[in-house]
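Work through these exercises with the model open. Try each task before reading its solution.

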Amino acid sequence: MNMNGVRGIMLDSSVVLLGNNNNNCEGVENDAGRLSLRPGAEYLFQKLHHSNIPTGISYGPGLSSPEVGFLERMASLYSFRCFIVNPSSINDTVNEVALSWSDNGGRFLHVVSNHNEEFSLKLRDHGWTIVILNVEGGGARENSRVILIDKLEEVPSIICHLNRKAAGKDNVMVGYIMKPSREEDFAKRGAFPLYPTENGLIFVPLTFELSIRSQLQKVDVVLHKATDEIISVELSSSSDFSSKVVYTSGMQELQRCIEQQPDCCVIDPFISIYPVLDRLKIQQILLSLVNLNKEGGSRIRGPHFLKVDNFNEPNLAERLLEAKLSPPSIVKPQVACGVADAHSMAIVFRVDDYMDLNVPLPAIVQEYVDHSSTLFKFYVLGDKVFYAVKKSTPNADILTKLSERNGLKPLLFDSLKSLPTAQDGQKESDEHVDVGLVTDAASWLRKMLDLTIFGFDVVIQEGSGDHVIVDVNYLPSFKEVADDVAIPAFWEAIKIKYDNHHSTTATTNTIKHH
């Protein structure tokens, strides 16, 4: 880690326990008779857990045994330390903390409520920076050693900006927002450090609990997973997919603020995400993959497909034949993500079984490609392309035999939870993936979709050797790629995107002024 920025963070019990305003005051119990965290405390814990910045919880000798036990459990859960502090022996506390946390020349941060700030102000005299949570209102004040805040959600941003100030303002502030579980997956791999990466990025969590406008004014890049905040998607005959996506109020506010700040670098623009939400649009885009194919080499393509608005339409069988679709076929909702039933799918073995099929409409009927149970997951991080090999669904003949036990009824499944996979001992593909061909396709897709970070799945058809792209998704976790390879590539993709955006914006502004 760095540097002369934040060396360690100590959270006073007064900002952790709800109602605990000083070291002699009892915390508030909830309706279940259990002690409660102060609003924002859990959020702060989650951001500090994988930050690699040493963090501790401090409390005085006046707390009750249940309160001490509660704080110790929280500390253990989030890999923090506990410190018992005594205002009469400030030097002992300073020395204990200094010995516990390695000396990298940085500063210590003490986060405390304004009901218990007297002890913190003594720490200030030892070079600590004090962040005071204003629990009862009052005027804001800030100087080189005291910062007043109204919400604990402000603390990560303060840490980032102190680290940027210490490391130099050339560092790029990346504000990011996504659902907690996804953020946890990235953060535990070290993807979102609060201090500068080797290529000069500092990651600042954005939150809807604070003013989005004021947060955006402090960052250079916005990295988002907007699809985590979709409420609904309305499909119609209109080609303008953007008007059909309804986001949460927080994401709508973020979108408005971004539109009002044209100089802000966004990864990725909302308009670039809409095709990935629509399986029909993606299939139509993939039709142009044939232009990449060269005579004598492997072919890359999308699967044959057909959009269906009504499974009971009388001429469905004829339309399926015209689309080169024969059973079994896989049926997917047209909406690809962001809504509850986007992953409710079916494999259909007989044309008659489309009648009243339990898959959301409109739907996409897609060619089921025999691929010897082998799936190649490709990840595009800027101009870098990685892939991993995974076990996949069995070939059609095996699926059919399995389905015969159920009278060949459609196989319904949720692709996020219960995707049917090949049984042990089944022959896997001996086809070799043409990495060069798929890399060319990845570059082509990156330009077509205008996306910085995305993934797609490839299967190799038995017999023909066709490389078929069966799925495309935005901002995947790329968890199959080793952290020491994936995370630097992730950072580099963001930095290159920012540099290109910054250069283009500067050129545009110069032209405007002339």
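**Exercise 1: A threonine in a strand**

Thr374 lies in strand β18, which spans residues 374-381. The model is a predicted one. Task: decide whether Thr374 is buried or exposed, and find what its side chain reaches.

Solution.
- Step 1. Take the relative accessibility of Thr374, which is 5%.
- Step 2. Apply the cut-off: buried means under 20%. Thr374 therefore counts as buried.
- Step 3. Follow the side chain of Thr374. It reaches the backbone oxygen of Ser372 at 3.1 Å.

**Exercise 2: The open sheet**

Task: work out which strands stand at the edges of the sheet of 6 strands.

Solution.
- Step 1. Write down the strand order: β3-β2-β1-β4-β5-β6. The sheet is open, and the pairing is parallel.
- Step 2. Look for strands with a single partner. These are β3 (81-84) and β6 (146-149), so each has one side without a neighbour in the sheet.
- Step 3. Add the twist. From one strand to the next, it averages 25°.
- Step 4. Check one pair in detail. β5 (residues 129-133) and β6 are joined in the parallel sense over 4 bridges. Ile132 has Leu148 of β6 as its bridge partner.

**Exercise 3: Helices on the strands**

Task: state which strands α3 lies across and which strands α4 touches.

Solution.
- Step 1. Start with α3 (residues 65-77). This helix lies across β2 (55-59) and β3. Its run makes about 175° with β2.
- Step 2. Move to α4 (residues 90-100), which packs on the sheet. Helix α4 touches β1 (6-12), β3 and β4 (107-113). The direction of α4 is at about 160° to that of β3.

**Exercise 4: Two helices in contact**

Task: classify the packing of α10 (residues 270-277) and α11 (residues 279-286).

Solution.
- Step 1. Read the geometry. The angle between α10 and α11 is about 90°, and their axes are 5 Å apart.
- Step 2. Angles of 65 to 115 degrees count as roughly perpendicular. So α10 is roughly perpendicular to α11.
- Step 3. List the contact residues. α10 supplies Pro275, Val276 and Leu277, while α11 supplies Arg279, Lys281, Ile282 and Ile285.
- Step 4. Sort them by type: 5 nonpolar, no polar and 2 charged.

**Exercise 5: A cysteine in a loop**

Task: place Cys337 and find what it touches.

Solution.
- Step 1. Locate Cys337 in the loop between β15 (329-333) and β16 (344-348).
- Step 2. Leave out residues up to four places away in sequence. Cys337 then touches Thr227, Ile230, Leu277, Ala342 and His343.
- Step 3. Compare sequence and space for Thr227. Cys337 and Thr227 are 110 residues apart along the chain, with 6.9 Å between their C-alpha atoms.

Note on methods
Residues are numbered from 1 along each chain as its sequence is written. This is a predicted model: local features need pLDDT of at least 70, side-chain atom pairs count only at pLDDT 80 or more; totals for chains, interfaces and linings use all residues. Side-chain values use heavy atoms; hydrogens and water are left out. Axes are lines fitted to C-alpha atoms, for helices over the stretch in contact, and angles run from 0 to 180 degrees between N-to-C directions. Angles under 35 degrees count as roughly parallel, over 145 as roughly antiparallel, 65 to 115 as roughly perpendicular and the rest as oblique. Contact means heavy atoms within 4.5 Å. Ala, Val, Leu, Ile, Met, Phe, Trp, Tyr, Cys and Pro count as nonpolar, Asp, Glu, Lys and Arg as charged, and the others, Gly among them, as polar. Two strands pair if DSSP finds at least two bridges between them. Buried means under 20% relative accessible area, exposed over 50%, partly exposed in between (1.4 Å probe, protein chains only). A polar contact is a pair of N or O atoms within 3.5 Å; within protein, one must be able to donate a hydrogen and the other to accept it, and residues adjacent in sequence count only if both atoms are side-chain atoms.
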